[in-house]
Amino acid sequence: MVALNAAVAVAMADGPQPGLALVDRLALTGALERYHLLYSTRADLLRRLDRRAEAAEDYRRALDLATNPAERRFLERRLADVAEPG
């Protein structure tokens, strides 16, 4: 989780692409494969890079894993935003 937080900090400081590279490297380890925030973080970075189809895929993964109703509503709204044309 510390590495995921570090990736978010890098994205905030240096932009979404460097943060996404760190998240992708973390995802390859498989350590957080059942952690919804890995996928929601990746989805947000992809959304910020206007890679909407990929973002939608990761928002769906996050939704599959999230159990908190408030987090699920947030993810559903984000998914709807990236799924809209344009």
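## Exercises on helix α5 and the core

Of the 22 residues that form the largest nonpolar core, those touching the most other members are L4, V23, L38, Y59, L75, L79 and V82. Keep in mind as you work that this is a predicted model.

**Exercise 1.** Find which helices supply at least two residues each to this core, and which one gives the most.

*Solution.* Start with the contributors: α1 (2-14), α2 (16-29), α3, α4 and α5 each supply at least two core residues. Next, look at the largest share: α4 gives the most, with six residues.

**Exercise 2.** Work out how the buried and exposed residues are arranged around α5.

*Solution.* Step one is to pick out the residues of α5 under 20% relative accessible area: the buried ones are L75, L79 and V82. Step two is their direction: they cover an arc of only 70° around the axis, so they sit on the same side of α5. Step three is the other side of α5, where P69 and R77 are exposed. Finally, ask what the buried residues pack against: α3 (36-48) and α4 (52-65).

**Exercise 3.** List the residues that L75 touches, leaving out those up to four places away in sequence.

*Solution.* With heavy atoms within 4.5 Å as the cut-off, you should find S40, Y59, A62, L63 and A66.

**Exercise 4.** Compare the span of α5 with the expected value, then inspect its N-terminal end.

*Solution.* First, α5 (residues 69-83) has 15 residues and reaches 21 Å from its first C-alpha to its last, close to the 21 Å expected at 1.5 Å a residue. Then turn to the N-terminal end, which N68 caps: one of its side-chain oxygens lies 2.8 Å from the backbone nitrogen of A70.

Note on methods: Residues are numbered from 1 along each chain as its sequence is written. This is a predicted model: local features need pLDDT of at least 70, side-chain atom pairs count only at pLDDT 80 or more; totals for chains, interfaces and linings use all residues. Side-chain values use heavy atoms; hydrogens and water are left out. Helices (H or I, at least four residues) and strands (E, at least two) are DSSP runs, numbered from the N terminus. The expected span of a helix is 1.5 Å times one less than its number of residues. Buried means under 20% relative accessible area, exposed over 50%, partly exposed in between (1.4 Å probe, protein chains only). The arc is that of the directions from the helix axis to the C-beta atoms. A polar contact is a pair of N or O atoms within 3.5 Å; within protein, one must be able to donate a hydrogen and the other to accept it, and residues adjacent in sequence count only if both atoms are side-chain atoms. A nonpolar core is a set of buried Ala, Val, Leu, Ile, Met, Phe, Trp, Tyr and Cys residues joined through side-chain atoms within 4.5 Å.
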